[in-house]
Amino acid sequence: MIPRPASLLSPLRCRSMTSHSASALPAHHAGASFTAANRLSTIQRHMSASASASASASGSSSTTGAAGGVKRLTVFGAGLMGAGIAQVGAQNGLKIVLSDVTDQALQNGLNIITKSLSRVAKKAQPDDIEGFTKTVMSNIETTTDAAKAVEEADLVVEAIIESLKVKRDLFGFLDTKAKDSCIFATNTSSLSVTEIAEACGNERQARFAGLHFFNPVPAMKLVEIIRTPQTSDETYNALREVTLKMGKAPVTCKDTPGFIVNRLLVPYMLEAIRMVERGDATPEDVDQAMELGAGYPMGPFKLLDFVGLDTTSYIASGWREKAEQGVISKELVEPIPMMEEMVKSGRLGRKSGKGFYEVSGVHGATETAWQRDGETTSGHLTKGRSDENAADRATGKGTRVLGYGRTVRATTVSTASESEARSGWKRGLGEGASTVGLDCREGRRIMHA
Ligand SMILES: NC(=O)c1ccc[n+]([C@@H]2O[C@H](COP(=O)([O-])OP(=O)(O)OC[C@H]3O[C@@H](n4cnc5c(N)ncnc54)[C@H](O)[C@@H]3O)[C@@H](O)[C@H]2O)c1
């Protein structure tokens with residue numbers, strides 16, 4: 001949701017497409033952060049470098065996307081989501097072109113894919129892990145040349161930074177380079193798909209939709225297919241077909257803020273904070289209630305700490321603008337003083353070490369302690385009662401709510417993951433957090449640690 005610094009380094013360019021075998025992959029990662037200004041100029045170079053190489057693109061001989069079925073998928077953005085989408089496509093027999101603005105960003109994506117594939121291969125083909133990985137990787141080519149990347153594409157899925165301007169610039173450019181039959185899809189989680197699509201001509205707008213994958217893509221079954229008023233039935237059917245082919249479970253939604261998952265989850269988390277603000281219940285009890293009573297993998301306060309209070313506040317304020325336009329109910333996103341106070345004081349959740357819970361240590365530590373500091377976030381938070389066993393049950397024996405007057409034994413985050421897995425969720429905390437479909441880096445870090 002909030003655009004984060006991407007991992008980009010120098011603006012290298014590689015015009016020829018490169019296909020990959022597992023053994024040919026260097027192991028380094030792109031790692032430097034990057035300002036918005038030099039990100040934009042790199043992207044502009046990426047597209048203008050491409051322009052000259054693309055004259056014949058629209059005359060490509062590849063089979064048509066919608067009618068003939070999607071066989072060639074081009075993914076823009078080799079970050080967390082793009083790499084996952086490319087991997088899942090390649091695993092399911094699609095020919096993939098993965099495109100990004102620098103070679104280092106592409107290498108970063110390939111590293112994500114090979115790491116993930118090695119885990120998948122252990123289950124899928126334990127006797128020939130290398131063979132499995134090689135076969136999948138042979139379906140993936142990479143290029144920094146955006147026009148070349150779409151020459152033969154039946155479907156383009158965009159998973160680049162969450163910026164309306166940058167996405168519109170990319171799609172406007174691709175509209176002139178891709179085959180007429182090529183379908184365009186965006187993986188945006190928070191922007192209007194319709195507004196992104198408007199960068200393209202009318203014909204393409206009929207072949208434009210949202211394809212909202214969840215993080216981590218290889219593990220998460222759900223895909224939300226977002227239909228704008230212009231999306232044609234043919235486009236929608238082709239997208240359903242290809243997501244099923246990729247082993248996903250598609251659901252359909254209009255272009256409405258938060259689509260389905262986030263639209264329900266964000267107000268749910270906000271209402272949970274309001275309950276605590278009013279003193280109706282403690283965060284621990286709310287979490288325990290939703291975990292044990294509703295069967296959720298984690299309660300709303302643990303989720304809030306993973307997603308980040310700042311991210312949640314940012315989403316709510318964006319939606320308040322939508323509420324002004326009558327697109328979403330005002331009451332759902334009314335400001336919550338307690339959340340704003342927490343954000344101001346740096347209690348952002350796991351990313352700052354403190355949110356509703358306090359954490360020290362990292363995933364994998366065997367004695368990660370959740371310490372009491374006696375601070376209170378609001379007057380209401382001091383009203384807690386002592387119930388160590390209940391807290392243990394709710395939080396995997398080790399969490400404690402800040403300023404809540406409970407002392408809970410230290411233990412590990414992974415204990416909670418394991419107990420969730422035992423109870424049938426088969427997901428760790430990181431993955432559970434990402435189930436929300438929010439851009440939850442912390443969840444990813446834990447999953448991929
Ligand atoms: N991270 C999540 O949990 C999550 C979940 C669902 C949807 N999304 C959405 O997916 C998209 C990507 O998110 P991410 O987390 O993978 O981001 P990321 O920062 O990991 O990766 C973005 C990549 O896009 C590349 N890029 C930027 N401009 C480009 C351009 N013009 N052409 C090609 N590549 C370009 C960057 O170099 C980077 O490698 C965003 O729209 C985000 O909202 C993210």
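These are my notebook entries on a predicted model of one protein chain.

**Entry 1. Overall make-up**

I began with the secondary structure and found 18 helices and nine strands in the chain. I then looked up burial: of the 449 residues, 54% count as buried. For the contacts with a separation of 6 or more, I noted that 73% are between residues 24 or more positions apart.

**Entry 2. Cysteines**

How many disulfides does a search of the whole structure find? The search returned zero. I also looked up the accessibility of two cysteines. Cys-182 has a relative accessibility of 0% and so counts as buried. Cys-253 has a relative accessible area of 11%, and is therefore buried, since the cut-off is under 20%.

**Entry 3. The second largest pocket**

I recorded a volume of about 600 Å³ for the second largest pocket. Its lining is made of 23 residues, and those closest to the centre are Ser-190, Leu-191, Ser-192, Gly-318 and Lys-322. Which helix gives the largest share of this lining? I found that helix α13, residues 309-324, supplies seven residues, the largest share. Sorted by class, the lining of the second largest pocket holds 10 nonpolar, eight polar and five charged residues. I also checked the domains: domain 1 (18-254) and domain 2 (263-448) each contribute at least three residues to the lining of this pocket.

**Entry 4. Backbone geometry**

I looked up the peptide bond from Asn-215 to Pro-216 and found it cis, with omega near 0°. Pro-216 sits in the loop that runs between β7 (208-213) and β8 (222-227).

Next I took Phe-259, a residue other than glycine with a positive phi, near 50°. Its place is the loop between β9 (249-254) and α10 (261-278). Is Phe-259 buried or exposed? Its relative accessibility is 4%, so Phe-259 counts as buried.

A further positive phi, about 105°, belongs to Gly-308, just after α12.

**Entry 5. Helix α12**

I then turned to helix α12 itself, residues 300-307, and found it mostly covered, with eight of its eight residues buried. The buried residues of α12 include the charged pair Lys-302 and Asp-305. Also buried in this helix are Pro-300, Phe-301, Leu-303, Leu-304, Phe-306 and Val-307.

**Entry 6. Helix α4**

For helix α4, residues 129-137, I listed Gly-131, Phe-132, Thr-133, Val-136 and Met-137 as buried. Against which elements do the buried residues of α4 pack? I found α2 (80-91), α3 (103-124) and β4 (140-143).

**Entry 7. Ile-96**

I located Ile-96 in strand β3, residues 95-99. Its relative accessible area is 1%, which means that Ile-96 is buried. Leaving aside residues up to four places away in sequence, I found that Ile-96 touches Leu-73, Val-75, Ala-86, Gly-89, Ala-90, Asn-139, Ile-140 and Glu-141. I also looked up a pair remote in sequence: Ile-96 and Val-156 are 60 residues apart along the chain, and their C-alpha atoms are 9.9 Å apart in space.

**Entry 8. Ile-336**

Where does Ile-336 lie? I placed it in the loop between α13 and α14 (337-344). Ile-336 has a relative accessibility of 1% and therefore counts as buried. With residues up to four places away in sequence not counted, Ile-336 touches Leu-270, Ile-273, Arg-274 and Glu-277. For one of these partners, Ile-273, I looked up the separation: the two residues are 63 residues apart along the chain, with 7.8 Å between their C-alpha atoms.

Notes: Residues are numbered from 1 along each chain as its sequence is written. This is a predicted model: local features need pLDDT of at least 70, side-chain atom pairs count only at pLDDT 80 or more; totals for chains, interfaces and linings use all residues. Side-chain values use heavy atoms; hydrogens and water are left out. A disulfide is a pair of cysteine sulfur atoms within 2.5 Å. Buried means under 20% relative accessible area, exposed over 50%, partly exposed in between (1.4 Å probe, protein chains only). On a 1 Å grid over the protein atoms alone, a cavity is a set of points where a 1.4 Å probe fits but cannot get out, and a pocket is an open set with protein on both sides within 12 Å along at least five of seven lines; lining residues have an atom within 4 Å of a point. Grid points are joined across faces, edges and corners, and a volume is the space filled by probe spheres set on the points. Helices (H or I, at least four residues) and strands (E, at least two) are DSSP runs, numbered from the N terminus. Domain bounds come from an automatic or database domain assignment. Contact means heavy atoms within 4.5 Å.
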